[in-house]
Amino acid sequence: MISVIELFGGVGLFLFGMSLMGSSLKKLAGGGLEKILQNLTTSKKRGVGEIKGWGLGLIVTGIIQSSAATTIMLIGFVNAGIMTLAQTIPVVYGSNIGSTFTAQILRLGDLGSGSLILQLLKPSSFAPMLLVIGTTMHMFSKKPKLKDLAGIFVGLGTLFYGMTMMEEVFKPLQQSDTFKNFFLSFNNPFIGILTGLVLTAVIQSSSASVGILQALSATGSITYGMAVPIIIGQNIGKCMTIVLGSVGANKKAKRVALSYLLFNIIGALFFTIVIYSIYYTVGIPFFSKVVNRGDIANIHLGFNLIISLILLPFPSKMAKLTEKIIKDKPVENEDMMAKELAKLDDMLLKTPGIALTQCKNLMQKMGEKIQENYKIAIGLLTNFDSNAFDTLNKNEDFIDKCETALSTYIVKIDRDRLTIDNRNVIFAMLNTIGDYERIGDYCINIAYIAEECNNDKVVFSEVGLKEITGIAEATCHIIELVFNAVESENMSKAYMVQPLARAIDDMKELIESHHVDRLQTGDCGVKGGVALYDLTSFFQRIALHSKVISKHLIKRLSRDNDIDAQHGQLVDKSSEEYIALEQFFFTKYIEPIVGKKAEKKDTKSGSKTDKNSEKKHDKGHDKNTDKKKEDMSDKHSKGSKKTK
């Protein structure tokens with residue numbers, strides 16, 4: 001009974017050590033592994049992409065020590081549309097070879113006991129040293145990278161300790177005739193394959209099951225005839241994790257899991273047929289020879305290496321085979337928006353860098369739908385079409401769902417595994433998602449105003465319509481500018497949003513002032529005035545949210561974490577560049593409304609006015625509105641006068 005407990009304890013330590021070592025290695029590498037897998041598996045030259053993918057799968061799995069983890073990562077990529085099925089297949093092949101790395105380390109237990117150096121290289125000798133070094137580093141180091149390195153040492157030491165415990169349990173069995181007779185049954189290939197399959201499926205790790213077999217080899221009772229079928233079965237059994245990981249994924253992702261399963265099944269059939277055809281006809285003399293840890297490691301490596309080299313030239317054929325087995329159902333009018341939302345796959349949370357990229361991509365789609373809705377809504381003001389509301393409402397529903405999905409998904413991303421810049425990206429995204437959604441709401445509000453005007457037969461005067469068109473164009477400009485700035489992470493475009501928002505604010509006041517004049521002369525009606533005031537308010541609020549988005553972007557790109565993006569001073573408004581932009585937008589958008597040439601006041605006066613505008617924008621009150629109207633009217637009546 002004690003031996004059984006010790007055996008399970010050894011297996012537990014082995015699995016824990018391997019998991020800790022793999023996760024620590026992955027943290028130490030950061031998000032680079034996922035990006036390498038995503039970006040470096042294609043090439044214009046035929047065959048180069050496959051070789052690169054094969055090599056990357058080998059390296060990445062060698063680091064994280066789990067072909068299942070690598071394949072589940074790939075399933076997430078395909079499920080999210082980041083990689084194609086053909087891209088992933090060579091990576092799957094390489095990952096199977098990378099999973100043999102642990103067995104190659106464990107073969108160090110075969111080293112002799114002659115010199116002191118060889119003694120120190122044995123796992124049973126350096127496992128305690130690794131644990132001491134790792135534990136000391138973890139306790140006294142405050143740097144995350146060193147803690148990850150400590151995790152590698154502790155994991156490796158624990159793994160070897162578990163291996164040593166299993167060997168100690170198995171040692172007394174080498175004198176047991178019952179034990180030897182039991183293992184003789186494994187000479188039957190079907191029993192051996194089934195045993196390896198079940199053992200690996202239960203513990204969900206081929207590296208661990210091969211490690212157990214290596215520990216058993218220390219008894220001197222395991223021959224090639226016993227080890228070969230068990231290892232073949234182990235390679236099929238490790239697919240259980242992949243099959244479970246693909247549950248709930250889309251058909252493309254399931255095909256990745258199937259390609260992994262087919263790789264190992266084809267390999268098992270190939271080796272079983274070839275080896276046992278020779279064995280039962282000609283005979284294989286060394287099958288009765290006892291194996292050691294190194295022999296088992298080599299068999300494990302040889303199985304995966306040979307099959308991957310055989311299948312590597314045919315990734316497209318493997319992809320077609322999986323497509324024939326898992327067929328697409330014919331779907332008419334498939335909801336593309338639902339597909340976009342589905343790309344925020346929880347599988348990608350295991351690869352935070354890629355998960356964040358998917359969030360960026362969805363925000364880009366969100367921005368595209370907002371721009372589409374804005375243009376539709378503005379078009380309704382002059383050419384009303386009730387059928388357009390189907391598209392508007394569908395887009396608005398998508399925008400609202402994006403806000404909820406992104407807000408929920410982003411907080412799940414493990415920030416500890418991201419770079420500092422990507423952490424700042426997450427912070428900025430969380431702060432701007434709401435602004436995106438609010439801009440979308442104002443687009444819908446503009447469409448409702450157009451509907452009311454159509455139902456109530458409200459007609460704007462020629463001058464009023466011209467002014468509304470002018471501020472609508474300026475607002476369209478600011479929307480395109482801010483979304484392009486976020487997408488391209490362009491500081492210059494983000495900087496331009498600030499003076500344009502100021503120009504829209506001034507346009508709103510001028511348009512409202514002109515409407516009051518037209519109302520007094522009877523050129524405009526009250527109903528039209530209510531619609532005009534609502535529209536200009538919506539345009540101004542869109543400009544405000546655009547300005548807040550640009551401030552968060554400027555704050556992140558300038559890496560100035562001490563500035564409040566909503567109320568802080570991020571832009572030097574006394575700079576020549578800013579003044580030139582103000583003048584440009586003034587000339588382009590405000591002068592046509594004024595109706596005659598006019599130029600901005602001097603720098604000092606302009607800065608003061610801008611501060612009042614900022615205060616109104618950001619704090620929601622308009623203490624200086626009357627003063628600004630007087631200044632604008634005075635400026636308009638005096639005409640153009642440039643102050644140096």
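Thr223 keeps company with residues from well outside its own stretch of chain: setting aside neighbours within four places in sequence, its contacts are Asn187, Phe287, Ser288, Lys289, Val290 and Val291. You'll find Thr223 in the loop between helix H12 (206-217) and helix H13 (224-237). Being in a loop doesn't put Thr223 out in the open here, because its relative accessibility is 12% and it therefore counts as buried. Keep in mind as you look around that this is a predicted model.

Step along to Met226 and you are in helix H13. Is Met226 buried or exposed? Its relative accessibility comes to 3%, so Met226 counts as buried. Met226 also has a partner from elsewhere in the sequence: Gly192 is 34 residues away along the chain, yet the two C-alpha atoms are 6.7 Å apart in space.

Now zoom out. The protein is built with 27 helices and zero strands. Of its 644 residues, 52% count as buried. Contacts between parts of the chain that are distant in sequence are a big part of the picture: take the contacts with a separation of 6 or more, and residues 24 or more positions apart account for 80% of them.

With that many helices around, it helps to pick a couple of pairs and look at how they sit together. Two packed helices are described by the angle between their axes and the distance between the axes. Start with helix H19 (residues 352-382) and helix H20 (residues 388-410), whose axes come within 9 Å and cross at roughly 155 degrees. Anything over 145 degrees counts as roughly antiparallel, and H19 and H20 are therefore roughly antiparallel to each other. Their crossing is left-handed. What classes of residue make up the contact of H19 with H20? There are 18 nonpolar residues, along with three polar and five charged ones.

Follow the chain out of H20 and you come to Lys412, in the loop between H20 and helix H21 (420-455). Unlike the two residues we began with, Lys412 counts as partly exposed, because its relative accessibility is 42%. Neighbours within four places in sequence aside, Lys412 is in contact with Asp346 and Leu349. Ala355 is 57 residues from Lys412 along the chain, and their C-alpha atoms are separated by 9.7 Å.

The second pair brings in helix H22 (residues 462-488). Its length checks out nicely: at 1.5 Å a residue, its 27 residues should span 39 Å, which agrees with the 39 Å between its end C-alpha atoms. Just after H22 comes Glu489, which has a positive phi, near 50 degrees.

How does H22 pack against helix H25 (residues 576-594), in terms of angle and distance? The angle is about 160 degrees, and the axes are 9 Å apart. H22 and H25 are therefore roughly antiparallel to each other, and H22 passes H25 in a left-handed crossing. On the H22 side, the residues that meet H25 are Lys466, Glu467, Gly470, Glu473, Ala474 and His477. Facing them from H25 are Phe585, Lys588, Tyr589, Pro592 and Ile593. By class, that contact has five nonpolar, two polar and four charged residues. If you're wondering about the spacing of the positions in those lists, an α-helix has 3.6 residues a turn, so residues three or four places apart point the same way.

Notes: Residues are numbered from 1 along each chain as its sequence is written. This is a predicted model: local features need pLDDT of at least 70, side-chain atom pairs count only at pLDDT 80 or more; totals for chains, interfaces and linings use all residues. Side-chain values use heavy atoms; hydrogens and water are left out. Axes are lines fitted to C-alpha atoms, for helices over the stretch in contact, and angles run from 0 to 180 degrees between N-to-C directions. Helices (H or I, at least four residues) and strands (E, at least two) are DSSP runs, numbered from the N terminus. Angles under 35 degrees count as roughly parallel, over 145 as roughly antiparallel, 65 to 115 as roughly perpendicular and the rest as oblique. A crossing is left-handed if the near helix is turned anticlockwise from the far one by less than a right angle, and right-handed if clockwise. Ala, Val, Leu, Ile, Met, Phe, Trp, Tyr, Cys and Pro count as nonpolar, Asp, Glu, Lys and Arg as charged, and the others, Gly among them, as polar. The expected span of a helix is 1.5 Å times one less than its number of residues. Contact means heavy atoms within 4.5 Å. Buried means under 20% relative accessible area, exposed over 50%, partly exposed in between (1.4 Å probe, protein chains only).
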